[in-house]
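Student: I have a structure on the screen and do not know how to read it. Can you take me through it step by step?

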Amino acid sequence: DDKGYLVFNGGAYQNARNFTGIGVKYISRGLIRGNEKIFLHKTQKDDVVIVEDAISAIKVSRQVNSVPLHNSIIPLELILRLSKRFKNLFIWLDKDKQKESFKEAKKAELYFDKVTIVWSERDPKEYSDNEIKNYLQKE
């Protein structure tokens, strides 16, 4: 927009990221919980990756299905919804959320065949398509 925000319209909610460095980093409006957008990959069916933000979800969805949390806590409702559709869950939170990643993975283990935590130095959005693919194949 004209104030330097990149706005993601999730339908029932909007999430905006400020890239100017002035003011708040994120602004959200509407109800995210229960309305999380699933970015579907055209051929990948069994795996889904949970990331923190919409830009990361869009980039990851070029390789595999993905969902932006706009947070670092995975609601149980989202785990249940995803487990009905996907067999394997990857959790790729930001580097500073290692503790949360373990906690969220433990919570999801009962509902998926496999739960994997992805570690990286940078956010998923900062990687190329090939780098994202390599991170997901390592796990």
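Tutor: We will go feature by feature, from strands to cores to rings. Keep in mind that this is a predicted model.

Student: Let us begin with the strands. How many bridges join strand 6 to strand 7?

Tutor: Look for the bridges, then for the direction. Four bridges join strand 6 to strand 7, residues 114–117. The two strands run parallel. Take one bridge as an example: N88 has K114 as its bridge partner in strand 7.

Student: Which way does the chain cross from strand 6 to strand 7?

Tutor: Follow the path. The chain leaves strand 6, passes through helix 3 and arrives at strand 7. This β-α-β crossover is right-handed.

Student: Now the inside. Which residues of the largest nonpolar core touch the most other members?

Tutor: That core has 17 residues. I50, I74, L78, L82, L89 and F112 touch the most other members. Then ask where the members come from. Strand 4 (47–51), helix 2, strand 6 (88–92) and helix 3 (98–108) each supply at least two residues. Helix 2 gives the largest share, three residues. There is also a second, separate core of 13 residues, which includes A57, F90, Y127 and L136.

Student: Can we zoom in on one member? What does L89 touch?

Tutor: Leave out residues up to four places away in sequence. L89 then touches V48, I50, A108, F112, K114, V115 and T116.

Student: Next, the rings. What describes a pair of aromatic rings?

Tutor: Two values: the distance of the centres and the angle of the planes. This structure holds four aromatic pairs. In one of them, W92 and Y135 are 5.4 Å apart, centre to centre. Their planes are 45° apart, and the pair is tilted.

Student: Why does that pair tie together parts that are apart in sequence?

Tutor: Check where each ring sits. W92 lies in strand 6 and Y135 in helix 4 (residues 129–138), so the pair ties together parts that are 43 residues apart in sequence.

Student: Are those two residues buried or exposed?

Tutor: Compare the relative accessible area with the cut-off: buried means under 20%. W92 has 0%, so W92 is buried. Y135 has 15%, so Y135 is buried.

Student: Which other ring does Y135 pair with?

Tutor: Y127. That pair is tilted too, with 5.0 Å centre to centre and 55° between the planes. Y127 is at 4% relative accessibility, so Y127 counts as buried. Put the ring pairs together, and W92, Y127 and Y135 are linked into a cluster.

Student: What about a polar residue? Where is N65 found?

Tutor: In strand 5. Read its accessibility before guessing. N65 is buried, with a relative accessible area of 1%.

Student: Which backbone oxygens lie by the side chain of N65?

Tutor: Look for polar atoms and their distances. The backbone oxygen of Q44 lies 3.1 Å from a polar atom of that side chain. For the backbone oxygen of D47, the distance is 2.8 Å. Beyond its neighbours within four places in sequence, N65 also has a list of contacts, among them F39, L40, V49 and F86.

Student: One last residue. Where does N71 lie?

Tutor: In the loop between strand 5 (65–68) and helix 2 (76–83). At 41% relative accessibility, N71 counts as partly exposed. Now compare sequence with space. N71 and E52 are 19 residues apart along the chain, and 5.5 Å separates their C-alpha atoms.

Note on methods: Residues are numbered from 1 along each chain as its sequence is written. This is a predicted model: local features need pLDDT of at least 70, side-chain atom pairs count only at pLDDT 80 or more; totals for chains, interfaces and linings use all residues. Side-chain values use heavy atoms; hydrogens and water are left out. Buried means under 20% relative accessible area, exposed over 50%, partly exposed in between (1.4 Å probe, protein chains only). A nonpolar core is a set of buried Ala, Val, Leu, Ile, Met, Phe, Trp, Tyr and Cys residues joined through side-chain atoms within 4.5 Å. Contact means heavy atoms within 4.5 Å. Rings of Phe, Tyr and Trp (its six-membered ring) pair if their centres lie within 6.5 Å; planes under 30 degrees apart count as stacked, over 60 as edge-to-face and the rest as tilted. A polar contact is a pair of N or O atoms within 3.5 Å; within protein, one must be able to donate a hydrogen and the other to accept it, and residues adjacent in sequence count only if both atoms are side-chain atoms. Two strands pair if DSSP finds at least two bridges between them. A crossover is right-handed if, with the strands pointing away from the viewer, the path from the first strand over the helix to the second runs clockwise.
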